[in-house]
Amino acid sequence: MSGSDYSSGPTGPIEPTGPSGFSGTKKARRTHRLRRALLATVITGAVVVPLSGAARPEIPAPKPAVLAPVTAATLDEAYAANRANAAEASRMAAANGHRERAAADRAMADPSRHFLTFDGRGPGLATEVFGDLAHADRIAVLVPGSDTSIDTYDRFRNTARALHERLTREAPQGTRTAVVAWLGYETPGTISATVATAGRAEEAAPKLREFVRQLRAIPDRTSSAGRTSSMSGASKGSAEEGPHVSLLCHSYGSVVCGRAASDLDVDDIALIGSPGTGVDTAGALHTAARVWAARGGDDWVAEVPHVRFDLLGTTVGFGTDPMSPSFGARVFAAGDGGHSDYFRPGTTSLTNLTRIVLGETSEVTHG
């Protein structure tokens, strides 16, 4: 339902042809019914009939590094420990014939990489930092959707890098920014029963809440306070009260953010390419954060019926479209891009996401 997080998904709607003489309205209604029927058939098959195929072989890796709570003073130690863990994971994977995973782990062990967490077991988990987190005034946390793992991590990393590069160029003088790519949960597969249900999101929600809680404690506010004289009024507030944190949730990641929202200490939540959040209104998220929503003009997720129903004891679907006026989010322009294009350099969506992170909300354009 959410599609591959940073790869292509279905390219457009199914357009069945009806008999000649159908009016445009009748044809549209028939198409709408067929789409919903097709979705129900696919979901039923996914839930009732287990997916065939051999199970993925387990890839050996060491347990994650044991670290004390990370602070600005211990960030470098945490980064070094996680790089060492990634290097060991690469050696173990190579020794057992898993060449592609060994290469992915080895890339993560590069001295230039900064990981708050790394776990090479199974599909893998990782939290990477871009920018000066120790002194950041504005922090963006990216939450990915389906089919994101260590094996596909580079495409997720590229989105975080693109956002950080744009923030670096656009941030007011004296404002420091950081972007965190949070692969902190096991994402569902695009072709699986789990992608149409909230199970993975419910498992991820407490992890995301705890991560944000720890993240807020990392920046050194004493150092930042010394810069307030050269910062804008909005940035002064951030320096004195703590960093401004924006949560950018893509595809199935918006389901995760929806489940976690009520206890998340964040300033903004942006739902992009969302299949829904599991609630019918932004108010039902029970968050004090500003809730934003956007969808590209060529994003296939627009064709996913925004429904929620019980099937064999399982709730399937995620309800109201966050783009709907009835949902009540602040809808912003995302241009004509597809499901994988929200962080592509030069796009309207990246421009507006940058403005949201920087607190320039009056500059955000609307579709």
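In strand 6, Asp268, Ala270 and Ile272 point one way, while Ile269 and Leu271 point the other way. All of these residues are buried. The model is predicted. In a regular strand, side chains alternate between the two faces of the sheet. Strand 6 spans residues 268-272 and is mostly covered, with five of its five residues buried.

Strand 6 has a partner in strand 5 and another in strand 7. Strand 5 (residues 244-250) runs parallel to strand 6, and five bridges join the two. Within this pairing, Leu248 has Ala270 as its bridge partner. Strand 7 (residues 290-294) also pairs with strand 6 in the parallel sense, over five bridges. Here Leu271 is matched with Ala293 of strand 7. The connection from strand 5 involves helix 8 (residues 253-260): strand 5, helix 8 and strand 6 make a right-handed β-α-β unit.

The largest nonpolar core holds 46 residues. Ile269 of strand 6 is among those with the most contacts inside this core, along with Leu116, Leu133, Val141, Leu208 and Leu247. Elements giving two or more residues to the core include strand 5, helix 8, strand 6 and strand 7. Helix 2 (75-95), strand 3 (138-143), strand 4 (177-183) and helix 5 (199-216) do so as well. Helix 5 gives the most, with seven residues. Leu208 touches Val143, Trp182, Leu247, Val256, Cys257, Ala260 and Leu264, leaving aside residues up to four places away in sequence.

A second, separate core has 36 residues. Ile272 belongs to this second core, as do Ala89, Leu163 and Phe332. In soluble globular proteins, nonpolar side chains tend to be buried together.

How values were computed: Residues are numbered from 1 along each chain as its sequence is written. This is a predicted model: local features need pLDDT of at least 70, side-chain atom pairs count only at pLDDT 80 or more; totals for chains, interfaces and linings use all residues. Side-chain values use heavy atoms; hydrogens and water are left out. Buried means under 20% relative accessible area, exposed over 50%, partly exposed in between (1.4 Å probe, protein chains only). Helices (H or I, at least four residues) and strands (E, at least two) are DSSP runs, numbered from the N terminus. Two strands pair if DSSP finds at least two bridges between them. A crossover is right-handed if, with the strands pointing away from the viewer, the path from the first strand over the helix to the second runs clockwise. A nonpolar core is a set of buried Ala, Val, Leu, Ile, Met, Phe, Trp, Tyr and Cys residues joined through side-chain atoms within 4.5 Å. Contact means heavy atoms within 4.5 Å.
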